Number of protein chains: 2
Amino acid sequence: MGHDDVPATPRAGWPYRRGEVRVKADQARDRGSLRRTNLGSVLRLLRGGPRSRAQIATETGLPKPTVTSLVGELVGLGLLREGPAQREGAVGRPGTLVQLDGRDICGIGVEISTSYVHVLALNLGGEPVFEHRTEVAVADQDAEDALDLTARAIRACGAALERDGVRPVGITLAVPGVIEAPAGVVDYAPGIGWRDVAVVEGLRSRLGPDTPPIAVENDAKLCALTEYLLVEDPDVHDMVCLTGERGIAAGIISAGRLLRGATNFAGEVGHMPLDPERRPCVCGRAGCWEAMVGLDAIMELAADPDDEVRDQKRPLEDRFRTLHLRAERGDERTSRALARVADDLGLGIALLTDVLNPRVVVLGGYFTHIGDLMLERVREVVRGRVIAPDAGGCQVVLSTLGFTAAARGGAFLALDSVYEDPADVA
Amino acid sequence: MGHDDVPATPRAGWPYRRGEVRVKADQARDRGSLRRTNLGSVLRLLRGGPRSRAQIATETGLPKPTVTSLVGELVGLGLLREGPAQREGAVGRPGTLVQLDGRDICGIGVEISTSYVHVLALNLGGEPVFEHRTEVAVADQDAEDALDLTARAIRACGAALERDGVRPVGITLAVPGVIEAPAGVVDYAPGIGWRDVAVVEGLRSRLGPDTPPIAVENDAKLCALTEYLLVEDPDVHDMVCLTGERGIAAGIISAGRLLRGATNFAGEVGHMPLDPERRPCVCGRAGCWEAMVGLDAIMELAADPDDEVRDQKRPLEDRFRTLHLRAERGDERTSRALARVADDLGLGIALLTDVLNPRVVVLGGYFTHIGDLMLERVREVVRGRVIAPDAGGCQVVLSTLGFTAAARGGAFLALDSVYEDPADVA
């Protein structure tokens with residue numbers, strides 16, 4: 001039955017399916033491009049962990065001599081290295097495993113959020129090789145000034161990488177808004193006050209012609225890619241990842257694929273009309289979800305304007321550490337605020353669970369710093385409100401990535417070109 | 001960039017992608033199953049319209065002699081027939097086109113809805129060969145009685161088909177609820193009062209061992225498959241199809257695939273908490289969308305309980321024809337009811353558009369009979385409420401299928417086995 005059934009994606013990292021090797025092989029016009037495609041397939045497979053050459057042959061369907069030759073080329077390119085000896089008990093003759101290397105190659109992710117600009121470089125193995133965050137209220141600046149600041153941060157990153165002999169292969173910007181990815185334009189990002197900002201062109205002109213390729217993507221989508229890449233349960237292929245910043249957006253993974261929608265703005269959940277009191281939202285509408293559960297909402301519920309937790313110059317982590325301590329000490333206003341936001345968060349999560357039936361809902365951003373005090377109540381609301389029994393098995397969990405998920409996703413996506421065409425790094 | 005990008009599905013009918021031929025070929029263990037796979041690929045391709053043998057070879061990537069032989073076998077099986085001569089102006093030597101036949105083979109779709117049981121048989125070309133609808137308030141019956149009635153309707157259909165020499169290859173039931181498709185069980189269908197009903201087993205035991213394979217699927221998902229199969233715009237691969245019955249559910253097509261979610265209940269949009277007045281819903285919760293825009297809601301707003309339009313024994317089409325006439329004549333209560341439902345419908349559609357970014361939202365069920373009077377207002381609300389400019393290009397349209405979409409989708413899905421393995425019909 002059903003050509004509409006989506007086969008589950010194996011956990012070998014990025015949404016990728018077995019069989020693609022041969023499909024692409026059919027499309028390839030010459031032996032050269034076929035070989036490049038197969039190099040990428042072997043590399044992607046090893047994202048899921050070390051393997052012997054024989055395992056690679058079995059899993060890709062490529063002949064063993066071809067695999068041996070491809071692995072040799074990838075080792076030569078510095079993308080793979082010989083790994084630990086295969087553990088005993090494995091089927092067949094014991095062999096050496098090969099694993100990802102790529103210590104000298106990195107992708108750069110740059111998150112431009114409402115409260116900071118975060119630059120993070122990850123090498124091919126996913127290890128951070130550079131990280132820096134600038135606290136800044138981006139909405140209070142001109143977009144041109146914000147691009148100046150971002151370009152400076154990227155230049156500092158580039159200088160540090162050059163010193164360490166690490167080569168960046170690409171840069172992906174994460175922006176909280178509706179993105180026209182192919183054009184490199186931010187259509188609309190109300191949280192940072194941007195409209196029609198040609199961010200890729202703006203940075204390219206500032207950084208000069210030697211800069212690696214620059215791309216831009218919605219922050220929530222990049223968070224979702226990161227969470228999906230890192231989730232350990234092999235049965236999770238349907239996820240909703242909520243950014244918890246001034247705005248609330250969702251990155252949606254459905255059947256192992258990022259849900260983009262017709263024009264790439266799927267996941268704009270911040271303005272769902274859920275507030276029965278229909279209070280005004282920054283977007284000009286009334287009753288929006290992010291006005292109930294966003295960063296500003298919880299801060300306004302929890303503290304007066306002159307309170308230190310509302311000082312935008314302090315790092316967000318510190319502000320939430322203070323709130324957390326207050327709640328632990330039994331401060332009534334803080335506890336009431338957390339309960340209120342938990343109820344409203346649960347309401348929206350239940351709705352998204354009815355619509356999307358995810359296996360996991362991941363709470364990111366500020367929720368990672370205070371959500372432990374809200375989680376039980378959120379889960380209770382979700383269980384009570386979702387139409388399927390026991391919320392269709394949906395788990396609500398906290399991200400372990402704090403405010404780093406979007407930049408991380410950007411770095412991963414920048415590294416994607418290596419997996420697409422490994423020979424290109426030479 | 002991005003393995004996460006989903007290539008667009010060509011319009012050759014069911015969600016199906018070029019290249020599958022070869023992937024499956026690789027997986028095939030023997031030449032026999034390879035041939036069957038290729039037969040199916042040729043048949044699926046012709047779902048998109050007549051083609052010459054040379055075109056089939058180009059589009060499937062199979063050698064021309066293989067295509068000639070496969071077409072011969074499919075003609076022999078009664079699934080294809082020689083079609084019109086190729087029109088002038090086509091590239092290459094003019095040739096005869098082949099097209100779908102299968103006039104003697106059909107799939108049966110059976111919708112068990114809140115207000116009727118609808119049996120529809122379609123032949124391989126998509127033409128109806130049997131249709132019958134029984135008006136019945138299914139929720140007022142025992143599930144066993146409803147199964148008795150359904151079995152009688154299917155038996156009548158089978159007798160008619162036998163008389164006409166048409167052979168059914170499968171039956172798919174459409175039910176408004178959460179379905180465990182592999183087990184053939186309806187977990188929860190509040191609109192018809194079912195919980196844990198083993199509907200496939202129940203029908204199989206009533207109909208006997210000679211019955212073709214029976215399956216069950218959610219009605220909204222089947223509607224969405226039908227609408228996607230019939231949509232003419234080749235750029236539409238993201239759709240939301242709303243059932244407009246007593247309950248409201250959505251069938252969601254995302255990037256050319258049916259969105260099922262982790263446990264197959266994605267699209268349960270009827271209980272989104274959108275009502276600021278938080279009025280009670282049949283589900284026991286408060287504020288649900290279907291209590292604002294479902295069949296009962298519009299009827300209660302438009303007429304008193306003893307009004308003829310609320311007589312459940314009358315066909316729904318007639319009841320809506322009466323309402324339509326009243327609105328045309330300027331009846332104030334009817335007009336107010338339609339405006340109110342249009343506003344609330346727009347609110348929910350805007351929300352779903354923010355979350356899913358569809359190219360098209362299709363209004364099915366009762367909306368097809370009265371929605372022309374609501375559409376302008378719905379579109380206005382959607383444009384004003386969606387966060388992306390101009391609703392991200394989303395169009396709200398009425399289905400042209402009335403109450404037939406779910407049964408039609410069931411019949412299409414039943415025919416799917418023929419496309420999977422055409423040799424099986426022999």
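Colleague: Let me start with one residue: is B:Cys223 buried or exposed?

Modeller: Keep in mind that this is a predicted model. Buried means under 20% relative accessible area. B:Cys223 has a relative accessible area of 13%, so this cysteine is buried.

Colleague: Okay, and which helix holds B:Cys223?

Modeller: Look at helix 7 of chain B, which runs over residues 219–230.

Colleague: What does B:Cys223 touch, if I skip residues up to four places away in sequence?

Modeller: A contact here means heavy atoms within 4.5 Å. On that basis B:Cys223 touches B:Thr243, B:Ala405 and B:Ala406. You can also look at C-alpha distances: B:Gly251 is 28 residues away from B:Cys223 in sequence, yet their C-alpha atoms are 6.6 Å apart.

Colleague: Let's move to chain A. How many helices and strands does chain A have?

Modeller: You'll find 14 helices and 16 strands there. Chain A has 426 residues, and 60% of them count as buried.

Colleague: How do I check the span of a helix, say helix 5 of chain A?

Modeller: The expected span is 1.5 Å times one less than the number of residues. Helix 5 covers residues 143–164, which is 22 residues, so it should span 32 Å; the end C-alpha atoms are 32 Å apart, and that agrees.

Colleague: Which residues of helix 5 of chain A are buried?

Modeller: Among them are A:Ala146, A:Leu149, A:Ala153, A:Ile154, A:Cys157 and A:Leu161. The buried residues of this helix pack against several elements of chain A, including strand 4 (105–112), strand 7 (167–175) and helix 6 (199–207).

Colleague: And what comes just after helix 5 of chain A?

Modeller: There you meet A:Gly165, with a positive phi of about 70°.

Colleague: Can we run through helix 10 of chain A in that way? What span should its 13 residues have?

Modeller: At 1.5 Å a residue, helix 10 (residues 316–328) should span 18 Å, and its end C-alpha atoms are 18 Å apart, so the two agree. Its buried residues include A:Leu316, A:Phe320, A:Leu323 and A:His324. They are part of a buried set that packs against strand 5 (116–123), strand 6 (128–135), helix 9 (295–302), helix 11 (332–356) and helix 12 (367–370) of chain A. Just past the helix, A:Gly330 takes a positive phi of about 85°.

Colleague: Last one: what percentage of the accessible surface of chain A belongs to carbon and sulfur atoms?

Modeller: That share is 48%, out of about 16,700 Å².

Note on methods. Residues numbered from 1 in each chain as written. Chains lettered and ligands numbered in written order. Predicted model: local features only at pLDDT ≥ 70, side-chain atom pairs only at ≥ 80, totals over all residues. Heavy atoms only, no water. Helix = DSSP H or I, 4+ residues; strand = E, 2+ residues; numbered from the N terminus. Buried < 20%, exposed > 50% of the residue type's maximum accessible area, 1.4 Å probe, protein only. Areas by Shrake-Rupley, 256 points an atom, 1.4 Å probe, with all protein chains shown as cover.
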